[in-house]
Amino acid sequence: MDSYSRSATHKSIQGSVLVLMNTLAICGNIFVCWAVYRKRKTLTVPYLYVLALAVSDLVVAICCFPFCVQAFLEDDWIHGHNLCQFNGFLIYYWGGISVPTLALTAVNRFFRVVKSHIYPNYFTIKSSVFMIFAVWLLTLLDGFLSTFVGPVIYKYDPRFFFCIGTFSSKKHERAIGISLHLIHVFIPFIIIVFCYGSVFKSVRRHNAHVVPSLCADQRHQLAVVNAWEMRVTILLFFVVLGFFLCWIPVIIIGLLAHSSVVKLPDFAYELYTVLAFASTVINPFIYGVANRDFRREFMAIFHCN
């Protein structure tokens, strides 16, 4: 990799932003984990997925991003080869589990709203924990397989300021890159779009044809139940929306960066990593703004402190 340096002003301003984002990611996701823990006796399946996302974001915010910030400020990776391999693998693994986990939340909402009569048979706390760990384990095995078959060696890239995967040949890079994007991004994305599209279509149809035929008491009882379900559905929808607002540009920049057709400007590489940082920050704010239950728990935590 050619030498790459930034001005002192650039590093001081953007470095401060990165430190702030990393701090917010750690503190925000700790609050989310603690808020879910406080509700452990009445834990529901949707909040289990929220916890899974918060844990994955928290791990990468603690174990990876501080080293990336230091590398950005130093214009070099000073932590050795082994930590570079761990840092690079964990960042790619985190990206690989995030979209499938969001797809699980979408499938959960689909069955809860569209197929509610069979929902209790498939979505219990135990079954949901099993599905989350199954996705994480399969992604881990896929990551190890890609790393050793490729083989993939993680090397520090100062443009992105983290360790990125390099391959022995363009053929392996293309094959692994396409398969990973297909399995971990494209297919889950299609599932997410289908599930949330079906959910909101079902809600509109229900409100238009079923609700007017109910008596006043039935409408009130149904409204109380549906209000909570819709709050959770809207919360998870905004989580998905925020994630893709951050990650669609990341995916596009990543694909173009490995292409010889387009030469990207320098800021595009930094935007790649900054948006990845941002995806770990936004969820706690979404929970606090879009969901009354989390607002109540956050306020209770602050009052206790």
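User: Let's start with Cys 163: is it buried or exposed?

Analyst: The general idea is to look at relative accessible area, where anything under 20% is called buried. In this predicted model, Cys 163 comes out at 0%, so it belongs with the buried residues.

User: And how buried or exposed is Cys 84?

Analyst: Cys 84 has a relative accessible area of 5%, so it is buried as well.

User: How do I tell which cysteines form a disulfide?

Analyst: You check the distance between sulfur atoms: a pair within 2.5 Å is called a disulfide. Here the sulfur atoms of Cys 84 and Cys 163 sit 2.1 Å apart, and the two form a disulfide. The structure holds 1 disulfide.

User: Which parts of the chain does that link tie together?

Analyst: Cys 84 belongs to helix 4 (residues 81-113), while Cys 163 is in strand 2 (residues 162-167), so the bond joins parts that are 79 residues apart in sequence.

User: What about Cys 64, where is its nearest cysteine sulfur?

Analyst: That one belongs to Cys 63, 6.2 Å away, and Cys 64 is in no disulfide. Cys 64 is buried too, with 0% relative accessibility. While we're on cysteines, Cys 195 is buried at a relative accessible area of 3%.

User: Back to the link itself: is it left-handed or right-handed?

Analyst: For that you read the angle about the S-S bond. Between Cys 84 and Cys 163 that angle is -125 degrees, and the link is left-handed.

User: Now a helix. How many residues does helix 2 have, and what does it span?

Analyst: The trick is to compare the end-to-end reach with what 1.5 Å a residue would give. Helix 2 covers residues 45-63, which is 19 residues, and its first and last C-alpha are 27 Å apart, close to the expected 27 Å.

User: Is helix 2 mostly covered or mostly open?

Analyst: Mostly covered: 14 of the 19 residues in helix 2 are buried.

User: Zooming out, how many helices and strands are there?

Analyst: The protein chain has 10 helices and 2 strands. Reading from the N terminus, the order is α-α-α-α-α-α-β-β-α-α-α-α.

User: What share of the whole chain is buried?

Analyst: Of the 305 residues, 45% are buried. On the outside, the chain exposes about 16000 Å², with 70% of that supplied by carbon and sulfur atoms.

User: Last one: what share of contacts comes from residues far along the chain?

Analyst: Take the contacts with a separation of 6 or more: 78% of them are between residues 24 or more positions apart.

How values were computed: Residues numbered from 1 in each chain as written. Predicted model: local features only at pLDDT ≥ 70, side-chain atom pairs only at ≥ 80, totals over all residues. Heavy atoms only, no water. Helix = DSSP H or I, 4+ residues; strand = E, 2+ residues; numbered from the N terminus. Buried < 20%, exposed > 50% of the residue type's maximum accessible area, 1.4 Å probe, protein only. Expected span 1.5 Å × (residues − 1). Contact = heavy atoms within 4.5 Å. Areas by Shrake-Rupley, 256 points an atom, 1.4 Å probe, with all protein chains shown as cover.
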